[in-house]
Amino acid sequence: RELSLSQMAASSSSIPPDDEQLLQASARLGAALRARGWRLATAESCTGGLIGHEITAIPGASDYYPGGVITYSDLAKEVELAVPRELLQAHGAVSREVAAAMAIGVRQRFGVELGVAVTGIAGPWGDTPDKPLGLTYIAVARVGHPPVVIGEVWPFDRDGNKRASAFRALELAISVVGDTE
């Protein structure tokens with residue numbers, strides 16, 4: 001389902017998640033992956049490795065997390081994740097289409113059941129009239145299924161936007177895997 005930017009902005013919480021919330025989401029995701037026998041890889045742009053950091057904060061994460069890539073530039077997205085240059089040129093790095101391609105690319109690169117990708121504008125600058133500060137797209141690609149992609153517009157500072165994006169990515173991955181709690 002497509003959301004407008006104003007609908008995305010309205011769905012944002014008033015405070016970013018704290019360390020404990022991120023850790024709890026990582027633990028839930030790890031438990032869900034273990035229960036299914038699945039592995040996950042991450043492709044991060046605006047979060048700069050925060051999702052991978054949170055996943056690896058859980059002891060034993062190597063059972064289900066072989067790794068991830070930080071693809072901050074368009075070139076890195078092309079080279080590391082096989083995101084087509086034409087897609088980047090047509091939609092921009094911060095787009096639903098590129099988030100989906102990143103998730104598929106990282107899933108294929110690592111040969112895992114689930115690929116999680118995040119691309120966005122963390123701030124404090126980089127926005128355009130069509131793409132406001134805090135705009136983030138999160139995608140989860142599962143083998144044999146089309147990617148699930150959501151968009152958010154976070155109202156926080158750079159750190160808060162990164163935390164909110166990482167938390168929402170963990171939550172979306174949990175929903176795709178199936179929560180065990």
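Which residues of helix 6 are buried? Keep that question in mind while we take in the whole chain; this is a predicted model, so have the confidence colouring at hand if your viewer offers it.

**Whole chain.** Start with a cartoon view. You should find seven helices and five strands, arranged along the sequence as α-α-β-α-β-α-α-α-β-β-β-α. Turn the chain along its principal axes and the C-alpha atoms fill a box of roughly 45 × 35 × 25 Å. The radius of gyration is 15 Å, which agrees with the value near 16 Å that a compact globule of 181 residues would have.

Now switch on a surface. Its accessible area is about 8,300 Å², with 53% belonging to carbon and sulfur atoms. Of the 181 residues, 51% count as buried. If you draw a contact map, look away from the diagonal: among contacts with a separation of 6 or more, 68% are between residues 24 or more positions apart. Colouring by charge gives 16 positive and 21 negative charges, and the mean positions of these two sets lie 5 Å apart.

**Helix 6.** Select residues 96-110 to answer the opening question. The buried residues are Arg96, Val98, Ala99, Ala100, Ala101, Met102, Ala103, Gly105, Val106 and Arg107. Put a distance label between the end C-alpha atoms: they are 22 Å apart, in agreement with the 21 Å expected for 15 residues at 1.5 Å a residue. Step on to Gly111, just after this helix, where phi is positive at about 65 degrees.

**The loop with a cis bond.** Next, select Gly123 and Pro124. A cis peptide bond joins them, with omega about 10 degrees. Pro124 sits in the loop that runs between strand 3 (114-120) and strand 4 (135-142). For context, most peptide bonds are trans, and most residues other than glycine have a negative phi.

**Ala82.** That second point leads back along the chain to Ala82, which is not a glycine yet has a positive phi of about 60 degrees. Look for Ala82 in the loop between helix 4 (74-81) and helix 5 (85-91). Is Ala82 buried or exposed? Ala82 counts as exposed because its relative accessibility is 62%, and the cut-off for exposed is over 50%.

**Helix 7.** Finish with residues 158-177. This helix is mostly covered, with 15 of its 20 residues buried. Its end C-alpha atoms are 29 Å apart, which agrees with the 28 Å expected at 1.5 Å a residue. Just after helix 7, Gly178 has a positive phi of about 105 degrees.

Methods
Residues are numbered from 1 along each chain as its sequence is written. This is a predicted model: local features need pLDDT of at least 70, side-chain atom pairs count only at pLDDT 80 or more; totals for chains, interfaces and linings use all residues. Side-chain values use heavy atoms; hydrogens and water are left out. Helices (H or I, at least four residues) and strands (E, at least two) are DSSP runs, numbered from the N terminus. The radius of gyration is taken over C-alpha atoms; the globule rule is 2.2 Å times the number of residues to the power 0.38. Buried means under 20% relative accessible area, exposed over 50%, partly exposed in between (1.4 Å probe, protein chains only). Contact means heavy atoms within 4.5 Å. Accessible areas come from the Shrake-Rupley method with a 1.4 Å probe; for residues, only the protein chains shown count as cover. Lys and Arg count as positive and Asp and Glu as negative; His and the chain ends are not counted. The place of a charge is taken as NZ of Lys, CZ of Arg, CG of Asp or CD of Glu. The expected span of a helix is 1.5 Å times one less than its number of residues.
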